[in-house]
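Subject: Structure for you to look at

Hello,

Here is the structure I promised. Please open it beside this email and follow along.

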Amino acid sequence: MISRTEIQDAGRRIAAHIRRTPVIALEEKAFGIDAKIFFKLECLQHTGSFKPRGAFNCILTSTVPPAGVIAASGGNHGAAVAYAAQKLGHRAEIFVPAITPASKVERLRQYGAAVTVTGNNYAEALAASHERAAQTGAVPIHAYDDQRVLAGQGTLGMELEEQVRGLDSVLIAVGGGGLIGGVAAWYHERVRVVSVEPERAPTLQRALAAGTVVDVETGGVAADSLGARRVGELMFPIAQKFIAQTLLVTDDQIVTTQNTLWQKMRLIAEPGGAAALAALLSGVYKPHGGERVGVVLCGSNADLSSFPA
């Protein structure tokens, strides 16, 4: 179990390397919802997602050899590892599955990483990265199943609590569970932590129903960022203890939310970054009157051609 002390230590360690992303408080009854809504704009983090928090914490606590670091990713974790490695003076090698958008692959290269596109999904890219790490001696950085990565992601919760006191609930999109695991470990039961997953990638919900981590077939519009086949072993006991509710949203609800964010607020969110808000705007999550709801907009690496003018 990740301790709050570990998260605080991670916060001090990475403070010079990450952005303290802003929170915006929406007007009363925004979007017609009887709740006070706060957006945590983690979409403005370096590389366009929350991932640098865990990447920096992991690299800064590792002895990195000349072979550098290695990771598998649907795009966002790889970009974070590549960016952190570049800033800290290390080599990075990133393995991505074929479903990764070309724009994300190009960004990896812009951050100086050697990129290998292999496999049909994250699990296959991860297996290939493990083989390569065994050959080269590079330090593997798992996207979510690493104590240091979880502690780094948990700094988002610590930061959010400093920015907004008295939240009743916080909605967080889930892929492998690193972000929600870290945030839930920070809040414990002081705030209702709610998980939101695409209907076509119900990885955490299935695991909680089974009482153990299980493999799930994944797909859909958010598969590149929320398409982990299984949640992390390290986050699962945190989820069992501290996650209050698990929700599913459809691809259509996610895309509608992306368009709403752009049209109403001129905010760009990738599908995974819009998933948590989709639960609120669609009515899948129904807050009680006046509830103070935090929503993490966790990623902005979207295909801009898909947005209306």
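Start with two helices, H2 and H3: H2 passes H3 in a right-handed crossing. Bear in mind that this is a predicted model.

**H2 and H3**

H2 covers residues 52–60. H3 covers residues 76–88. Two values describe a packed pair of helices: the angle between the axes and the distance between them. Here the axes come within 8 Å and cross at roughly 45 degrees. That angle makes H2 oblique to H3.

Which residues make the contact? From H2 they are Pro52, Ala55, Phe56, Ile59 and Leu60. From H3 they are Ala80, Val81, Tyr83, Ala84, Ala85, Lys87 and Leu88. Sorted by type, this contact has eleven nonpolar residues, no polar ones and one charged.

**H6 and H7**

Now find H6, residues 147–163, and H7, residues 178–187. Their axes lie 7 Å apart, and the packing angle is about 55 degrees. Is the pair oblique or parallel? H6 and H7 are oblique to each other. Their crossing is right-handed.

The contact residues are:

- H6: Leu150, Gln153, Gly154, Leu156, Gly157, Met158, Leu160 and Glu161.
- H7: Gly178, Leu179, Gly181, Gly182, Val183, Trp186 and Tyr187.

By type, the contact of H6 with H7 has eight nonpolar residues, six polar and one charged. Compare that with the list for H2 and H3, where no polar residue appears.

**The cavity**

How many cavities of 30 Å³ or more does a search of the whole structure find? It finds one. The volume of this largest cavity is about 370 Å³.

Its lining has 33 residues. Lys51, Gly175, Gly176, Ser225 and Leu226 lie nearest the centre. To see the spot, select those five names in your viewer.

Four elements give two or more residues each to the lining: H3, H7, H9 (223–226) and H12 (271–281). You have already met H3 in its contact with H2, and H7 in its contact with H6. Which element gives the most? That is H9, with four residues.

The lining as a whole divides into 15 nonpolar residues, 14 polar and four charged.

**In brief**

The two helix pairs are both described as oblique. Both crossings are right-handed. H3 and H7, one from each pair, also help line the largest cavity.

Best wishes

Key
Residues numbered from 1 in each chain as written. Predicted model: local features only at pLDDT ≥ 70, side-chain atom pairs only at ≥ 80, totals over all residues. Heavy atoms only, no water. Axes fitted to C-alpha atoms, helices over the stretch in contact; angles between N-to-C directions. Parallel < 35°, antiparallel > 145°, perpendicular 65-115°, else oblique. Left-handed = near helix turned anticlockwise from the far one by under 90°. Contact = heavy atoms within 4.5 Å. Nonpolar A, V, L, I, M, F, W, Y, C, P; charged D, E, K, R; others polar. 1 Å grid on protein atoms, 1.4 Å probe; cavity = no way out; pocket = protein on both sides within 12 Å on 5 of 7 lines; lining within 4 Å. Points joined across faces, edges and corners; volume = space filled by probe spheres on them.
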